[in-house]
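Thank you all for making time this morning. I would like to walk through one structure with you, slowly, and I will begin as soon as it is on the screen.

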Amino acid sequence: MAVSLLADWGNFYVITGSSAAALTGLTFVVIALAANKTRVSSSGLRAFVTPTIVHFGTVLALAAFLSIPHQSLMSLSLGFGVAGAGGLVYGVVIALNMRRNVSYIPVHEDWLWHAALPTAVYGALLGMAFLIPRCTDQGLYGVAAISMLLLYIGIHNAWDVAVSISLREQQDSP
């Protein structure tokens, strides 16, 4: 039953997975360029850049997972459950890393976009694990929304980091 339902989602996951992969690569380029021009804090990378890469990686992993042939409702449920639970744990790690960061004190917007929203989205993914067996169509739409939310959160956070780096570079230059 899940196989025929997932067939209709192929193009969506090709687009989201490709976007996540491209954005991951661009984020690497920005960080590499920034490292050549300014000092980059390892605690700042751990708190703000690594989670962005993880969010993009999650979108890519969901796209790949949903493209695997012969999925069953049970395998979908287990996959979403593992990813959602892992994301919830990682949300706590993000918050701890933000709190420990010495190079920048996060403001409310940072806590919202870098910790609270991603953690809520991963919690929703865990919820989809329980919804998929009962309401498969709605669950698949929920996972699609989660993929898009993680993609947009990652875009926002990557932009936030790029702007922060460029502003810091301008302040450091004579």
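The largest nonpolar core of this predicted model has 24 residues, and the members that touch the most other members are Y13, L66, F80 and V143. If you ask which elements build this core, those that give two or more residues to it are α2, which runs over 10-37, then α3, α4, α5 at 108-131, and α6 at 136-172. Among these, α6 provides the largest share, with seven residues.

Please look for a moment at V143, since its contacts bring several of those names together. Once the neighbours within four places in sequence are set aside, V143 is in contact with Y13, L66 and F80, and also with L125 and M128. There is, in addition, a second core, separate from the one just described, which consists of 11 residues and includes I31, V49, I94 and M98.

One of those residues, I94, leads me to a histidine that I would like you to find, namely H55, which sits in helix α3. Is H55 buried or exposed? Its relative accessible area is 0%, and because buried means under 20%, H55 is counted as buried. Leaving out residues up to four places away in sequence, H55 touches I94, P118, Y122, L150 and I153.

Let me turn now to the aromatic rings, where a search of the whole structure finds six pairs. In one of them, W9 and Y141 meet edge-to-face, with 5.0 Å from centre to centre and 75° between the planes. This pair links distant parts of the chain, for W9 lies in the loop between α1, at 2-7, and α2, while Y141 belongs to helix α6, and the two are 132 residues apart. The two partners also differ in their accessibility: W9, at 14%, counts as buried, whereas Y141, with a relative accessible area of 57%, is exposed.

A further pair is formed by F12 and Y13, which is edge-to-face as well, with 4.8 Å between the centres and 90° between the planes. Here F12, at 23% relative accessibility, counts as partly exposed, while Y13, with 4%, is buried; you will remember Y13 as one of the residues that touch the most other members of the largest nonpolar core. Taken together, ring pairs link W9, F12, Y13 and Y141 into a cluster.

From the rings I move to open space, and in particular to the second largest pocket, which holds about 170 Å³. Which residues lie closest to the centre of this pocket? Of the 16 residues that line it, they are L26, T27, V30, A158 and W159. The helices α2, α3 and α6 each supply at least two residues of this lining, and α6 gives the most, with seven residues.

Finally, I would like to point out a glutamine, Q71, whose place is in the loop between α3, at 42-67, and α4, at 73-100. Although Q71 is in a loop, it counts as buried, because its relative accessibility is 7% and the limit for buried is under 20%. The side chain of Q71 makes a polar contact, at 2.4 Å, with the side chain of S75.

That is where I will stop, and I am glad to go back to any part of the picture.

Conventions
Residues numbered from 1 in each chain as written. Predicted model: local features only at pLDDT ≥ 70, side-chain atom pairs only at ≥ 80, totals over all residues. Heavy atoms only, no water. Helix = DSSP H or I, 4+ residues; strand = E, 2+ residues; numbered from the N terminus. Buried < 20%, exposed > 50% of the residue type's maximum accessible area, 1.4 Å probe, protein only. Polar contact = N/O pair within 3.5 Å; in protein donor to acceptor, adjacent residues only side chain to side chain. Core = buried A, V, L, I, M, F, W, Y, C linked by side-chain atoms within 4.5 Å. Contact = heavy atoms within 4.5 Å. Phe/Tyr/Trp six-rings, centres within 6.5 Å; stacked < 30°, edge-to-face > 60°. 1 Å grid on protein atoms, 1.4 Å probe; cavity = no way out; pocket = protein on both sides within 12 Å on 5 of 7 lines; lining within 4 Å. Points joined across faces, edges and corners; volume = space filled by probe spheres on them.
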